[in-house]
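This report examines how a single protein chain is held together, from charged pairs to the packed interior. The sequence and the structure are shown first, and the discussion follows.

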Amino acid sequence: MRGALAISALAAAAACAPQEGAEVGRAAANPSYQGVETRLLDGDLVNFRVRMAGASGPEDVTKYAECAAAQYALIRGYGFARHVRTTTAEEGGIWRADAVYTISPALPDGLRTIDAEVTVADCGQRGIPTV
């Protein structure tokens, strides 16, 4: 009986292991990043609207918006951004995010801050385009 349990456990573990060529930690999505629209709302408050196909969920399109915000902060000569809000929606396989960030030269107050240089580097490693 013990042998049967051990074999069952091994079979279950093998079924959970990533298959050759499969992406680890993601669905088998093939993301297509379809652009960023950037609007300066007021001084340091910026709106980013992004679109993508092949997202595995709202987290993917939210990350795309974060990458755009980080690059925008660097372009403007700032090192940090703070997330204000993001809304996401999916229709016909196209995910959209409407995100607002503040950008600043120093680390802003708040819990949802990002270091622009670190975030842009991470986005590059993940293959997520920036502005």
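In this predicted model, K63 is buried, with a relative accessible area of 17%. Because the limit for a buried residue is a relative accessible area under 20%, K63 falls within that class at 17%. The side chain of K63 nevertheless has a charged partner: K63 and E66 meet in a salt bridge, with 2.9 Å from N to O. Both residues belong to helix 2, where they are 3 residues apart, about one turn of the helix.

A comparable arrangement is found in helix 3. There R126 forms a salt bridge with D122, and the closest N and O atoms are 3.0 Å apart. R126 and D122 are separated by about one helical turn because they are 4 residues apart in helix 3. The two partners are not equally accessible: R126 is exposed, with a relative accessible area of 54%, whereas D122 is partly exposed, at 23%. Through salt bridges that share partners, K63, E66, D122 and R126 are joined into one network.

The whole structure contains 5 salt bridges. One of them is formed by the side chains of R49 and D98, with an N to O distance of 3.6 Å. This pair links distant parts of the chain, since R49 lies in strand 2 and D98 in strand 4, 49 residues apart. R49 is partly exposed, its relative accessible area being 35%. Three of these salt bridges are listed below.

| Salt bridge | N to O distance |
|---|---|
| R49 and D98 | 3.6 Å |
| K63 and E66 | 2.9 Å |
| R126 and D122 | 3.0 Å |

**The disulfide**

Helix 2 and helix 3 are also connected covalently. The search of the whole structure finds 1 disulfide, which joins C67 to C123 with an S to S distance of 1.9 Å. C67 is in helix 2 and C123 in helix 3, so that the link spans distant parts of the chain, 56 residues apart. The link is left-handed, with -90° about the S-S bond. Both cysteines, C67 and C123, are buried.

**The two sides of helix 3**

Helix 3 comprises residues 116-126, and A116, T119, V120 and C123 are its buried residues. These residues lie on the same side of helix 3 because they cover an arc of only 100° around the axis. The elements that cover them include helix 2 (58-75), strand 3 (80-91) and strand 5 (113-115). On the face turned away from the buried side, helix 3 carries the exposed residues E117, V118 and Q125.

Both ends of helix 3 have distinct local features. At the N-terminal end, D115 acts as a cap, with a side-chain oxygen 3.1 Å from the backbone nitrogen of E117. Just after the helix, G127 takes a positive phi of about 80°.

**The nonpolar core**

The largest nonpolar core has 25 residues, of which F48, V50, M52, V61, Y101 and I103 touch the most other members. Strand 2 (45-53), helix 2, strand 4 (94-104) and helix 3 each give two or more residues to this core. Helix 2 provides the largest share, 9 residues.

Which residues does Y101 contact beyond its neighbours within four places in sequence? The contacts of Y101 include L45, V46 and F48, as well as A65, E66 and A69. Further contacts of Y101 include A81, R82, H83 and V84, together with I114. E66 thus appears both as a contact of Y101 and as the salt-bridge partner of K63.

**Two further positions**

S104 is found in strand 4 and counts as buried, at 13% relative accessibility. Its side chain reaches the backbone oxygen of A106 at 2.7 Å. Not counting residues up to four places away in sequence, S104 touches Y78, G79 and F80.

P58 is found in helix 2 and counts as partly exposed, at 31% relative accessibility. Leaving aside neighbours within four places in sequence, P58 is in contact with T88 and W95. The C-alpha atoms of P58 and A97 are separated by 8.1 Å, although the two residues are 39 residues apart along the chain.

How values were computed. Residues are numbered from 1 along each chain as its sequence is written. This is a predicted model: local features need pLDDT of at least 70, side-chain atom pairs count only at pLDDT 80 or more; totals for chains, interfaces and linings use all residues. Side-chain values use heavy atoms; hydrogens and water are left out. Buried means under 20% relative accessible area, exposed over 50%, partly exposed in between (1.4 Å probe, protein chains only). The arc is that of the directions from the helix axis to the C-beta atoms. Contact means heavy atoms within 4.5 Å. A polar contact is a pair of N or O atoms within 3.5 Å; within protein, one must be able to donate a hydrogen and the other to accept it, and residues adjacent in sequence count only if both atoms are side-chain atoms. A nonpolar core is a set of buried Ala, Val, Leu, Ile, Met, Phe, Trp, Tyr and Cys residues joined through side-chain atoms within 4.5 Å. A salt bridge is a side-chain nitrogen of Lys or Arg within 4 Å of a carboxyl oxygen of Asp or Glu. A disulfide is a pair of cysteine sulfur atoms within 2.5 Å.
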